[in-house]
Every structure is written in C-alpha cells, then in structure tokens.
Amino acid sequence: MALGFGLLSAQLRPGETDWTRAYDETIRVAVEAERLGFTSVWTTEHHFVDDGYMPSLLVVGAALARATTRIELGTGVVLAPMHHPLRLAEDAATVQLLSHGRLVLGLGLGWSGVEFAGLGADMRRRGAAMDEILRILPQAWSGEPFTHHGQVYDLPTLAVRPTPSTRIPVVVGGGAEPAIRRAARLADGIFANARVEKFVEQVRWVLDECERIGRDPSTFRFIHYSVLLPGVSREAALARYRDVLWAMQWKYSDMEASATRPLPPPSPPPFDRPDDALVKGRAVYAGAPDELVEALLDIRRQAGVPVEFVARSHFPLLEYEAQLDLMGSLAEGVAPHV
C-alpha cells in the first residue's frame, strides 16, 4: 500500500511578506517525496488567508507535474463549489496531460463563508453544486459535446478541450454522511482524516451505498490521511513538533479573521495546554516508527477494506532541513510497512 505525503500549502512564516521561498520549497518537498519513495504528494486549498494558504492547487499541480516523474499528484482538496466546473475540468485535464496521467483530483465542499462570499459562490447550495460538478466532469473530459441543466449550473451545449490522455480519478473529502454517500455514487474514492471510529463509520456508509446502487466496492479507493509525528517515543515526538503542529491547527481558527489583516502574518499565540491536547480527538499519531505503523494498520484492520494512507506531516513553520528529516524518518520507518 505504501504511504503518501502532504498536505503542501505554501504558507508564509510569521514576519514574511514574499512567497517565493514557500513556493520554491513546495516544489523541492515534492521532488524529495518522490526521491524518498512516497507514492503520492498532496496539496491543500484555502483563500484570502494572510499567510497565503495555497489557493491555486492545479496551477501548482502543473509545476509539480514537470518537476517530478513518477509520484501521484493529489489535490486534498480543491474546494469545488467555488470553481466553475468547466474551468475546473480544463485545468485538471491540463495537469493530467502534463503529468502523463498522475493526477488524483480531490474535491471538497468548503466551510468558510468569507471564501464563498469573496469568490461569488453560494454556500447554501454547495451540496447541490458538488453533486452537479461530479456529474459534469466526466462528460467534460469525454471531449464530446454535452449539455447540462441543473439547479446550480446551466451550461450550453459544448465540448471541453483538451481531453485528458487517461481517466482522472476523483476522490471526495468530507465527513458528513451525505458527502460520503455522494462519493460512493459519483466518485472514485474518499479522502478522509477522521479518527478511526468515525472513519470506520464512513467506510460502512460507502459499502452500504455501493450495495444499494449495485457498485463493486473494489472499484472504490479509501484514502485516510493523518498527522504522523516520528520520534524515539510519543512524548519526544510531541515535544519536538508541538509548536509547528499547534501553528497548523490554530491557523484554521484564524483564517476568516486574517482575510482583512495586513501583512506580515503574525505568530500564533502561545500554546499553554498539555501536549496531549494537540492529539486528543484528532487524527494525529506520535511515537516511534513501529508505533505509527501499528496505528495505521489498526485503522486498516478496523475498516476491513484496502485503506491507502497519507501522512499529513508537512508543517509550514518547520524549517526545510527539519522537514526533510521528518520525511526521511517516515520514508524509512513507516512507508515500507503499510
């Protein structure tokens, strides 16, 4: 099964105002992930955040396509209802061509009202929009003329070109039952970061929906991503990465407020709780490599399906050499065993 790596977000560090380093390191990390033997590398999308949390995944995907040769390139995830479906189809097809068939298009609903307002999308219709997008994309990638009349999108008869050279797999991020069942009906997999109990429930929803519609579940990909923190022990790993992990977690609560904040981005507030608070209730695993392996294998055992894994272990505040050290530990101690 092996291991993927991400989520690359090209965020500024506190005090920075130039994104050149962040984007250069994004490319370098992906190249290193391929060299180390990770099977996939994933990007992640948000908009209007003061640190520039990556807004243009398929633009970056095109750059990654030309900088690498083998590694799968996943979007984790494009916030689909904020994108016009035909433009999304064109950009994804272009990345698929540039990568010679290595794109996995992960799509999600989004949750920030600031983002929907800024991009002129209707947050109230995001579920309906996703449903239609998942139906539009395969038709758009066929290269043949088609027409779509829906509640959200009303498209004239036309053909979208270029067409991808190979089929683009689509996976859906999200945790709610309607989103998971929608994926079972209309997509190729899920991209989930739920705690194991919730993930097992999501798998059951997929299997139930597949049975209901007569779909072979072996055609469906179950991809689980979690923060993996390697160290000589759980305590040592948490102590080493607590500040960068906290910065990543805190930023989600700060995103909407930061949209109108001038540069440079500030430092996160101090973390004044026990280290275990960074892990409790989250898909975060810390410890020696064999402990991380056991945690992932336990997810697969409980799910009862062939789960693929991605380490969400890219931290914007971690210096580049330390990031490479973390990646090397996962590549050597975890990836060969999952």
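The exercises below, each with a worked solution, concern a predicted model of a protein.

**Exercise 1. Overall build**

Task: State how many helices and strands the protein has, and decide how its radius of gyration stands against the globule rule.

Solution.
- Step 1. The protein has 10 helices and 12 strands.
- Step 2. For 338 residues the globule rule gives 20 Å, and the radius of gyration is 19 Å, close to that value, so the protein is as compact as a globular protein of that length.
- Step 3. The C-alpha trace spans about 60 × 50 × 40 Å along the principal axes.
- Step 4. Of the 338 residues, 55% are buried. The accessible surface is about 14100 Å², and carbon and sulfur atoms hold 53% of this area.
- Step 5. Counting contacts between residues at least 6 apart in sequence, 74% are between residues at least 24 apart.

**Exercise 2. The largest pocket**

Task: Give the volume of the largest pocket, then describe its lining.

Solution.
- Step 1. The largest pocket holds about 800 Å³ of space.
- Step 2. Its lining has 36 residues, and those nearest the centre are Trp111, Asn193, Tyr225, Tyr252 and Arg312.
- Step 3. Two or more lining residues come from each of strand S9 (189-192), helix H7 (196-213), strand S10 (221-230) and H8.
- Step 4. By residue class, the lining of the largest pocket has 17 nonpolar, 13 polar and six charged residues.

**Exercise 3. Enclosed cavities**

Task: Count the cavities of 30 Å³ or more, and characterise the largest and the second largest cavity.

Solution.
- Step 1. There are four cavities of 30 Å³ or more.
- Step 2. The largest cavity has a volume of about 180 Å³. It is lined by 19 residues, with Gln11, Asp51, Ala247, Lys251 and Leu317 closest to its centre.
- Step 3. Helix H8 (residues 234-258) gives the largest share of that lining, five residues. The lining of the largest cavity comprises 13 nonpolar, three polar and three charged residues.
- Step 4. The second largest cavity has a volume of about 100 Å³. Among its 16 lining residues, Arg13, Arg21, Glu25, His314 and Pro316 lie nearest the centre.
- Step 5. Helix H1 (20-36) and helix H10 (320-333) each supply at least two residues of the lining of the second largest cavity, and H1 has the largest share, with five.
- Step 6. The lining of the second largest cavity divides into seven nonpolar, five polar and four charged residues.

**Exercise 4. The surroundings of Phe146**

Task: Is Phe146 buried or exposed, and which residues is it in contact with beyond its neighbours within four places in sequence?

Solution.
- Step 1. Phe146 belongs to strand S6 (residues 146-149).
- Step 2. Buried means under 20% relative accessible area. The relative accessibility of Phe146 is 7%, so Phe146 counts as buried.
- Step 3. With neighbours within four places left aside, the contacts of Phe146 are Leu86, Ile136, Gln139, Ala140, Leu155, Pro156, Thr157, Leu158 and Val160.
- Step 4. Ala303 is 157 residues from Phe146 along the chain, and their C-alpha atoms are 39 Å apart.

**Exercise 5. The buried residues of H2**

Task: Which residues of helix H2 are buried, and what covers them?

Solution.
- Step 1. In helix H2 (residues 57-67), Leu57, Leu58, Val60, Gly61, Ala62, Leu64 and Ala65 are buried.
- Step 2. An α-helix has 3.6 residues a turn, so residues three or four places apart point the same way.
- Step 3. The cover over the buried residues of H2 includes H1, strand S2 (40-43), strand S3 (72-75), strand S4 (78-79), helix H3 (85-98) and strand S5 (103-108).

**Exercise 6. Backbone exceptions**

Task: Locate the cis peptide bonds at Val77 and Pro264, and the residues Ala10 and His100 with positive phi.

Solution.
- Step 1. Most residues other than glycine have a negative phi, and most peptide bonds are trans.
- Step 2. The bond from Gly76 to Val77 is cis, with omega near 10°. Val77 sits in the loop between S3 and S4.
- Step 3. Leu263 and Pro264 are joined by a cis bond with omega about 0°. Pro264 is in the loop between H8 and strand S11 (284-287).
- Step 4. Ala10 has a positive phi of about 50° and lies in the loop between strand S1 (3-8) and H1. Its relative accessible area is 3%, so Ala10 is buried.
- Step 5. His100 has a positive phi near 60° and lies in the loop between H3 and S5. With a relative accessible area of 68%, His100 is exposed.

Notes. Residues are numbered from 1 along each chain as its sequence is written. This is a predicted model: local features need pLDDT of at least 70, side-chain atom pairs count only at pLDDT 80 or more; totals for chains, interfaces and linings use all residues. Side-chain values use heavy atoms; hydrogens and water are left out. On a 1 Å grid over the protein atoms alone, a cavity is a set of points where a 1.4 Å probe fits but cannot get out, and a pocket is an open set with protein on both sides within 12 Å along at least five of seven lines; lining residues have an atom within 4 Å of a point. Grid points are joined across faces, edges and corners, and a volume is the space filled by probe spheres set on the points. Helices (H or I, at least four residues) and strands (E, at least two) are DSSP runs, numbered from the N terminus. Ala, Val, Leu, Ile, Met, Phe, Trp, Tyr, Cys and Pro count as nonpolar, Asp, Glu, Lys and Arg as charged, and the others, Gly among them, as polar. The radius of gyration is taken over C-alpha atoms; the globule rule is 2.2 Å times the number of residues to the power 0.38. Buried means under 20% relative accessible area, exposed over 50%, partly exposed in between (1.4 Å probe, protein chains only). Contact means heavy atoms within 4.5 Å. Accessible areas come from the Shrake-Rupley method with a 1.4 Å probe; for residues, only the protein chains shown count as cover.
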